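Here are a few exercises to work through with the model on your screen. Try each task before reading its solution.

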Amino acid sequence: MYMSHTAAEHRAHMDLPDDYTVAGVLAYGTWDLHAESEQVPQLVAALERRGIEPRLKRVDRPIIGHAWELDVGDERFWFAPVMGTAVMATYLHLASLFGSRRNILLGVVGGLAPGMRNGDLIVPTAVVGNDSARMYDRANSSDIHFPDAALTERLIALLADDERSWTGTTTTCEMMLAETRQDVDDWSAAGMLGVEMEGAMTFALSRHFQVPSTALFYVTDNLVENETLLSAAHKAQHAARARSRSRQYDLGLELLLEDATAR
């Protein structure tokens with residue numbers, strides 16, 4: 001039903017101008033749902049480091065009220081800081097209908113590899129999916145979803161040689177509080193690098209709309225080493241995570257805007 005609605009129909013429903021377009025999306029999987037406390041300041045700082053005036057305002061439509069419009073030159077991008085596939089899909093779906101050329105996902109993972117440290121960066125080259133991703137990629141019986149290869153190679157090339165980074169497979173699970181020790185052990189044994197909440201859906205949806213996508217996560221806790229967000233060690237490593245979040249925004253904007261800045 002809803003999949004059949006066109007961009008024009010969605011614009012009319014939300015009382016958006018007939019020529020309303022979105023050039024690209026920088027999505028962030030976060031609990032900071034309105035983004036004022038942590039994410040917007042990070043984005044503003046990253047824009048200023050690039051010499052770009054932060055022309056940023058929240059979208060004033062309730063259905064997409066967690067999105068922010070970022071104007072660069074004569075183009076409009078969306079910054080979408082939300083949590084979980086159900087909400088993230090709404091923003092990525094609409095932006096893809098409205099013309100997005102790139103969907104870039106940032107966020108965090110629970111680490112699943114021994115030796116991972118808080119703040120380590122992960123570029124997923126594949127994500128094991130769930131029902132949310134399957135809705136956008138119904139013919140995919142493997143439930144493995146892939147980012148755009150060229151965009152992901154570009155992201156990997158942007159990482160500095162001295163950065164602690166990993167590439168490989170992650171898994172998407174929205175039910176964070178329901179994860180068991182057995183889940184963690186099984187994912188780790190299967191070679192998963194981390195567990196996150198939005199990766200598979202982002203890749204499946206972007207593939208459906210033929211929009212290139214990629215993702216960059218950082219490790220916020222190491223589950224295989226019995227560290228969670230509630231562990232004393234987690235609070236002590238805040239600085240490492242803050243550095244990685246700043247780096248995420250620099251790299252995310254580099255990919256999002258390289259088309260725009262070349263125009």
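Patches are built from residues with over 30% relative accessible area and no salt bridge, joining like charges within 9 Å and nonpolar side chains (Val, Leu, Ile, Met, Phe, Trp, Tyr) within 5 Å. A salt bridge puts a side-chain nitrogen of Lys or Arg within 4 Å of a carboxyl oxygen of Asp or Glu, and accessible areas use the Shrake-Rupley method with a 1.4 Å probe, where for residues only the protein chains shown count as cover.

Two notes before you start. The model is predicted, so local features need pLDDT of at least 70 and side-chain atom pairs pLDDT 80 or more, while totals for chains, interfaces and linings use all residues. Residues are numbered from 1 along each chain as its sequence is written, and side-chain values use heavy atoms, leaving out hydrogens and water.

**Exercise 1.** Find the residues that make a nonpolar surface patch of about 300 Å².

*Solution.* Step one: pick out W31, M83 and L229, which form the patch. Step two: place M83, which sits in the loop between β4 (75–82) and α3 (85–97). Helices (H or I, at least four residues) and strands (E, at least two) are DSSP runs, numbered from the N terminus. Step three: M83 counts as partly exposed because its relative accessibility is 33%; buried is under 20%, exposed over 50%, and partly exposed in between (1.4 Å probe, protein chains only).

**Exercise 2.** Work out how β1 is covered and which strands pair with it.

*Solution.* Step one: five of the five residues in β1 (25–29) are buried. Step two: split them by side, with V25, A27 and G29 on one and L26 and Y28 on the other. In a regular strand, side chains alternate between the two faces of the sheet. Step three: look for partners, where pairing takes at least two DSSP bridges. β1 runs parallel to β4, with five bridges, and L26 partners F79 there. β1 also pairs in parallel with β5 (103–111) over four bridges, where A27 faces L105.

**Exercise 3.** Check how covered α7 is, and see what follows it.

*Solution.* Step one: nine of the eleven residues of α7 (199–209) are buried, among them M201, F203 and F209. Step two: move on to Q210, which comes after α7 and has a positive phi, near 60°.

**Exercise 4.** Find the elements with the lowest and highest mean pLDDT.

*Solution.* pLDDT is the predictor's confidence in each residue, from 0 to 100. Helix α8 (232–236) has the lowest mean, 79, and strand β6 (121–128) the highest, 98. For the whole protein chain the mean is 92.
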